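Q: I have this model open beside its sequence, and I would like some friendly company while I read one part of it closely. Could you take me through that part step by step, and then through what surrounds it?

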Amino acid sequence: MNKGELVDAVSEKAGVTKKQADAVLTAALDVVIDAVAAGDKVTLVGFGSFEARHRKAREGRNPKTGDKMEIPATTVPAFSAGKLFKEKVAQAQ
């Protein structure tokens, strides 16, 4: 499912126009991105949590040459699914 299909589904389920659903979805995603970028954790009960995680610097290998290289420390976004989300996915299998 891409963003357009998600907007269509939200629009139908919420009984609003596609334009309104797109505006709300875009705003909600922007708020989550801004909060995580600022170092905050965003928790949506039953759905999951978004947070920034720090990765330590580590040693890796260049796939072309096989030479050792240093991979720098970085911060990456992470999502942890909530209990309700995990149970729903497990039932679908």
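The part to look at is the open sheet, followed by the other elements in turn.

A: Happy to, and one thing to keep in mind from the start is that this is a predicted model. The open sheet has 3 strands, and their order across it is 1-2-5. The pairing is antiparallel. Strand 1 (42-44) and strand 5 (74-81) are the edge strands; each has a single partner strand, so one side of each has no neighbour in the sheet. From one strand to the next, the twist averages 30°.

Let's zoom in on the pairing of strand 1 with strand 2. Strand 2 covers residues 48-55, and its antiparallel pairing with strand 1 runs over 3 bridges. A good residue to select here is Ser-49, which sits in strand 2. Ser-49 is the bridge partner of Thr-43. The link between these two also involves their side chains, which make a polar contact at 3.4 Å.

Is Ser-49 buried or exposed? The cut-off for buried is under 20% relative accessible area. Ser-49 has a relative accessible area of 12%, so this serine counts as buried. Leaving aside residues up to four places away in sequence, Ser-49 touches Lys-41, Val-42 and Thr-43, and also Ala-78, Phe-79 and Ser-80. As a reminder of the strand limits, strand 5 spans 74-81.

At the start of strand 5, have a look at Thr-74, which is found in that strand. With a relative accessibility of 35%, Thr-74 counts as partly exposed. Its contacts, again without residues up to four places away in sequence, are Arg-53, His-54 and Arg-55. Thr-74 and Ala-57 are 17 residues apart along the chain, and their C-alpha atoms are separated by 7.5 Å.

There is also a pairing between strand 3 and strand 4 to inspect. Strand 3 (residues 58-61) pairs with strand 4 (residues 68-71) in the antiparallel sense, over 4 bridges. If you would like one pair to display, Glu-59 has Glu-70 of strand 4 as its bridge partner. The two strands form a hairpin, with 6 residues between them. In the turn, Gly-66 has a positive phi of about 80°.

Now back to the sheet, to see what lies across it. Helix 2 (residues 18-37) lies across strand 1 and strand 2, and runs at about 35° to strand 2. Helix 2 also meets helix 1: the axes of the two helices come within 8 Å and cross at roughly 115°. The crossing of helix 1 past helix 2 is right-handed. On the helix 1 side, the contact is made by Lys-3, Leu-6, Val-7, Asp-8, Val-10 and Ser-11, while helix 2 brings Lys-18, Ala-21, Asp-22, Leu-25 and Thr-26. Sorted by class, this contact has 5 nonpolar, 2 polar and 4 charged residues.

Two residues of helix 1 are worth picking out in your viewer. One is Val-7, which lies in helix 1. Its relative accessible area is 8%, so Val-7 is buried. Residues up to four places away in sequence aside, Val-7 touches Lys-18, Ala-21, Asp-22 and Leu-25. From Val-7 to Lys-86, the separation is 79 residues in sequence and 23 Å in space, C-alpha to C-alpha.

The other is Ser-11, in helix 1 (residues 3-14). Ser-11 is buried, with a relative accessible area of 9%. The side chain of this serine reaches the backbone oxygen of Val-16 at 2.6 Å. With the same sequence neighbours left out, Ser-11 touches Val-16, Thr-17, Lys-18 and Ala-21.

To finish, let's visit helix 3 (residues 83-92), where Glu-87 has its place. Glu-87 is partly exposed, with a relative accessible area of 38%. Glu-87 and Gly-46 lie 41 residues apart in sequence, and 9.9 Å apart in space from C-alpha to C-alpha.

Definitions and conventions. Residues numbered from 1 in each chain as written. Predicted model: local features only at pLDDT ≥ 70, side-chain atom pairs only at ≥ 80, totals over all residues. Heavy atoms only, no water. Pairing = 2+ DSSP bridges. Axes fitted to C-alpha atoms, helices over the stretch in contact; angles between N-to-C directions. Contact = heavy atoms within 4.5 Å. Buried < 20%, exposed > 50% of the residue type's maximum accessible area, 1.4 Å probe, protein only. Polar contact = N/O pair within 3.5 Å; in protein donor to acceptor, adjacent residues only side chain to side chain. Left-handed = near helix turned anticlockwise from the far one by under 90°. Nonpolar A, V, L, I, M, F, W, Y, C, P; charged D, E, K, R; others polar.
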